[in-house]
Amino acid sequence: MTAEGPGGDSPPRSKRADAQRNRETVLTAAAEVFATSGVDAPIRQIASRAGVGMATIYRHFPTRADLVTAVYQHQIEACAEAGPNLLARADSPLDALRQWTDLFVDFLVTKHGLADALQSDSDRFAALHAYFLDRLLPVCAQLLDAAVEAGDIRPGTQPYELMRGIGNLCIGRDDDPRYDPRRLIALLLQGLQRHQGT
(Lines give C-alpha, C1' and ligand atoms only; values in the text may rest on other atoms or scores of the structure.)
Protein backbone atom coordinates (compact mmCIF):
# COMPACT_ATOMS: atom_id res chain seq x y z
CA MET A 1 0.00 0.00 0.00
CA THR A 2 2.80 2.42 0.89
CA ALA A 3 5.07 1.15 -1.91
CA GLU A 4 4.04 4.06 -4.11
CA GLY A 5 4.77 6.73 -1.49
CA PRO A 6 8.10 8.55 -1.20
CA GLY A 7 8.79 6.81 2.10
CA GLY A 8 8.38 3.28 0.70
CA ASP A 9 10.86 0.64 1.87
CA SER A 10 13.86 -0.42 -0.21
CA PRO A 11 12.65 -3.75 -1.64
CA PRO A 12 9.97 -2.11 -3.82
CA ARG A 13 12.49 0.58 -4.77
CA SER A 14 15.10 -1.96 -5.86
CA LYS A 15 12.38 -3.91 -7.66
CA ARG A 16 11.49 -0.74 -9.54
CA ALA A 17 15.18 -0.14 -10.31
CA ASP A 18 15.48 -3.70 -11.66
CA ALA A 19 12.35 -3.22 -13.77
CA GLN A 20 13.71 0.09 -15.12
CA ARG A 21 17.06 -1.55 -15.94
CA ASN A 22 15.25 -4.39 -17.74
CA ARG A 23 13.20 -1.85 -19.68
CA GLU A 24 16.32 0.07 -20.75
CA THR A 25 18.05 -3.18 -21.76
CA VAL A 26 15.05 -4.21 -23.85
CA LEU A 27 14.86 -0.80 -25.54
CA THR A 28 18.57 -0.85 -26.42
CA ALA A 29 18.34 -4.40 -27.77
CA ALA A 30 15.17 -3.62 -29.73
CA ALA A 31 16.81 -0.55 -31.32
CA GLU A 32 19.77 -2.68 -32.44
CA VAL A 33 17.52 -5.41 -33.83
CA PHE A 34 15.26 -2.90 -35.57
CA ALA A 35 18.32 -1.30 -37.19
CA THR A 36 19.42 -4.61 -38.72
CA SER A 37 16.14 -6.48 -39.19
CA GLY A 38 13.41 -3.81 -39.25
CA VAL A 39 10.54 -3.28 -36.82
CA ASP A 40 8.92 -6.59 -37.81
CA ALA A 41 11.81 -8.60 -36.33
CA PRO A 42 10.67 -11.49 -34.11
CA ILE A 43 10.23 -10.58 -30.44
CA ARG A 44 12.29 -13.66 -29.54
CA GLN A 45 15.25 -12.12 -31.39
CA ILE A 46 14.95 -8.97 -29.24
CA ALA A 47 14.59 -11.04 -26.06
CA SER A 48 17.70 -13.02 -26.97
CA ARG A 49 19.71 -9.85 -27.67
CA ALA A 50 18.53 -8.34 -24.36
CA GLY A 51 19.18 -11.51 -22.38
CA VAL A 52 15.63 -11.56 -20.98
CA GLY A 53 12.60 -13.78 -21.41
CA MET A 54 9.83 -12.89 -23.85
CA ALA A 55 7.48 -12.47 -20.88
CA THR A 56 9.63 -9.57 -19.66
CA ILE A 57 9.22 -7.80 -23.00
CA TYR A 58 5.45 -8.32 -23.05
CA ARG A 59 5.17 -7.18 -19.42
CA HIS A 60 6.72 -3.82 -20.35
CA PHE A 61 5.35 -3.59 -23.91
CA PRO A 62 2.08 -5.50 -24.42
CA THR A 63 1.98 -4.82 -28.19
CA ARG A 64 4.58 -4.38 -30.92
CA ALA A 65 3.32 -0.80 -31.43
CA ASP A 66 4.03 -0.12 -27.73
CA LEU A 67 7.59 -1.40 -28.16
CA VAL A 68 8.24 0.50 -31.39
CA THR A 69 6.85 3.71 -29.86
CA ALA A 70 9.00 3.31 -26.75
CA VAL A 71 12.15 2.67 -28.82
CA TYR A 72 11.38 5.74 -30.92
CA GLN A 73 10.89 7.94 -27.83
CA HIS A 74 14.00 6.50 -26.15
CA GLN A 75 16.12 7.35 -29.19
CA ILE A 76 14.64 10.82 -29.51
CA GLU A 77 15.64 11.48 -25.90
CA ALA A 78 19.16 10.11 -26.43
CA CYS A 79 19.56 12.29 -29.54
CA ALA A 80 18.19 15.36 -27.74
CA GLU A 81 20.47 14.89 -24.73
CA ALA A 82 23.52 14.31 -26.93
CA GLY A 83 23.41 17.80 -28.50
CA PRO A 84 24.42 19.88 -25.45
CA ASN A 85 26.89 17.18 -24.33
CA LEU A 86 28.61 17.21 -27.71
CA LEU A 87 28.77 21.01 -27.71
CA ALA A 88 30.49 20.90 -24.33
CA ARG A 89 33.03 18.19 -25.33
CA ALA A 90 33.72 18.59 -29.05
CA ASP A 91 36.73 20.46 -30.45
CA SER A 92 34.43 22.96 -32.19
CA PRO A 93 30.71 23.62 -32.67
CA LEU A 94 31.07 22.34 -36.26
CA ASP A 95 32.55 19.09 -34.94
CA ALA A 96 29.65 18.83 -32.46
CA LEU A 97 27.18 19.39 -35.32
CA ARG A 98 28.87 16.66 -37.39
CA GLN A 99 28.82 14.18 -34.49
CA TRP A 100 25.20 14.97 -33.70
CA THR A 101 24.29 14.54 -37.37
CA ASP A 102 25.85 11.05 -37.24
CA LEU A 103 23.65 10.20 -34.25
CA PHE A 104 20.62 11.64 -36.03
CA VAL A 105 21.33 9.47 -39.09
CA ASP A 106 21.67 6.40 -36.82
CA PHE A 107 18.32 7.32 -35.35
CA LEU A 108 16.68 7.71 -38.77
CA VAL A 109 18.05 4.35 -39.93
CA THR A 110 16.69 2.63 -36.79
CA LYS A 111 13.35 4.33 -37.36
CA HIS A 112 12.99 2.36 -40.62
CA GLY A 113 9.56 0.77 -40.76
CA LEU A 114 8.06 2.84 -37.95
CA ALA A 115 5.27 4.29 -40.07
CA ASP A 116 4.25 0.82 -41.27
CA ALA A 117 4.33 -0.59 -37.74
CA LEU A 118 2.07 2.17 -36.47
CA GLN A 119 -0.15 2.42 -39.55
CA SER A 120 -3.12 1.11 -37.65
CA ASP A 121 -2.74 3.93 -35.11
CA SER A 122 -2.21 7.17 -37.03
CA ASP A 123 -2.93 9.31 -33.92
CA ARG A 124 -0.03 7.65 -32.16
CA PHE A 125 2.24 8.29 -35.16
CA ALA A 126 1.16 11.95 -35.36
CA ALA A 127 1.88 12.40 -31.64
CA LEU A 128 5.32 10.80 -32.07
CA HIS A 129 6.14 13.05 -35.00
CA ALA A 130 5.19 16.13 -32.99
CA TYR A 131 7.30 14.88 -30.06
CA PHE A 132 10.22 14.29 -32.45
CA LEU A 133 10.06 17.89 -33.72
CA ASP A 134 9.50 19.41 -30.25
CA ARG A 135 12.56 17.65 -28.83
CA LEU A 136 15.03 17.71 -31.74
CA LEU A 137 14.44 21.02 -33.53
CA PRO A 138 15.67 23.11 -30.57
CA VAL A 139 18.78 20.90 -30.25
CA CYS A 140 19.57 21.24 -33.95
CA ALA A 141 19.00 25.02 -33.67
CA GLN A 142 21.39 25.23 -30.71
CA LEU A 143 24.11 23.39 -32.66
CA LEU A 144 23.59 25.52 -35.77
CA ASP A 145 23.61 28.77 -33.76
CA ALA A 146 26.83 27.77 -31.98
CA ALA A 147 28.50 26.89 -35.30
CA VAL A 148 27.40 30.24 -36.83
CA GLU A 149 28.60 32.15 -33.77
CA ALA A 150 31.98 30.40 -33.96
CA GLY A 151 32.26 31.38 -37.62
CA ASP A 152 32.23 27.71 -38.72
CA ILE A 153 29.16 27.93 -40.95
CA ARG A 154 27.24 30.65 -42.77
CA PRO A 155 24.06 31.93 -41.10
CA GLY A 156 20.63 31.26 -42.54
CA THR A 157 20.23 27.47 -42.34
CA GLN A 158 16.94 26.54 -40.69
CA PRO A 159 17.00 23.54 -38.31
CA TYR A 160 13.88 22.05 -39.92
CA GLU A 161 15.39 22.34 -43.40
CA LEU A 162 18.61 20.65 -42.31
CA MET A 163 16.83 17.81 -40.50
CA ARG A 164 14.41 17.34 -43.39
CA GLY A 165 17.29 17.34 -45.89
CA ILE A 166 19.20 14.73 -43.90
CA GLY A 167 16.04 12.63 -43.63
CA ASN A 168 15.45 12.82 -47.37
CA LEU A 169 19.06 11.77 -48.07
CA CYS A 170 18.51 8.69 -45.87
CA ILE A 171 15.58 7.51 -48.02
CA GLY A 172 16.49 4.55 -50.20
CA ARG A 173 19.35 3.34 -48.06
CA ASP A 174 17.56 0.08 -47.28
CA ASP A 175 16.80 -0.73 -50.91
CA ASP A 176 20.25 -0.10 -52.38
CA PRO A 177 23.43 -1.37 -50.70
CA ARG A 178 25.49 0.80 -53.08
CA TYR A 179 23.98 3.96 -51.61
CA ASP A 180 25.62 5.50 -48.55
CA PRO A 181 23.68 8.57 -47.41
CA ARG A 182 26.48 9.59 -45.03
CA ARG A 183 28.70 10.58 -47.95
CA LEU A 184 26.10 13.02 -49.26
CA ILE A 185 25.30 14.28 -45.76
CA ALA A 186 29.01 15.03 -45.26
CA LEU A 187 28.91 17.04 -48.50
CA LEU A 188 25.79 18.85 -47.28
CA LEU A 189 27.54 19.87 -44.06
CA GLN A 190 30.63 20.86 -46.03
CA GLY A 191 28.44 23.14 -48.12
CA LEU A 192 27.28 25.00 -44.98
CA GLN A 193 30.80 25.99 -44.04
CA ARG A 194 31.63 29.67 -44.20
CA HIS A 195 34.99 29.21 -45.94
CA GLN A 196 33.45 27.39 -48.90
CA GLY A 197 33.94 29.06 -52.31
CA THR A 198 31.83 31.70 -53.96
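Rings of Phe, Tyr and Trp count as a pair if their centres lie within 6.5 Å, the six-membered ring being used for Trp. On this criterion, Tyr72, Trp100, Phe104, Phe107 and Phe132 form one aromatic cluster. The model is predicted. A search of the whole structure yields six aromatic pairs.

One of them joins Tyr72 and Phe132. Their ring centres are 6.5 Å apart, and the planes meet at 20 degrees. The pair is stacked, because planes under 30 degrees apart count as such. Distant parts of the chain are linked by this contact. Tyr72 belongs to helix H4 (residues 64-89), whereas Phe132 belongs to helix H7 (residues 122-149). The two residues are 60 residues apart. Both Tyr72 and Phe132 are buried.

Trp100 and Phe104 also stack. Here the centres lie 5.4 Å apart, with 5 degrees between the planes. Both residues sit in helix H5 (residues 93-110). Four residues separate them, about one turn of the helix. Trp100 has a relative accessible area of 1%, so Trp100 is buried, the cut-off being under 20%. Phe104 is likewise buried, with a relative accessible area of 1%.

Gln193 was examined separately. Gln193 is located in the segment after helix H9 (181-192). Its relative accessible area is 7%, so Gln193 is buried. Beyond residues up to four places away in sequence, Gln193 touches Leu94, Arg98, Asp152, Ile153 and Arg154.

Terms used:
Residues numbered from 1 in each chain as written. Predicted model: local features only at pLDDT ≥ 70, side-chain atom pairs only at ≥ 80, totals over all residues. Heavy atoms only, no water. Buried < 20%, exposed > 50% of the residue type's maximum accessible area, 1.4 Å probe, protein only. Contact = heavy atoms within 4.5 Å. Phe/Tyr/Trp six-rings, centres within 6.5 Å; stacked < 30°, edge-to-face > 60°.
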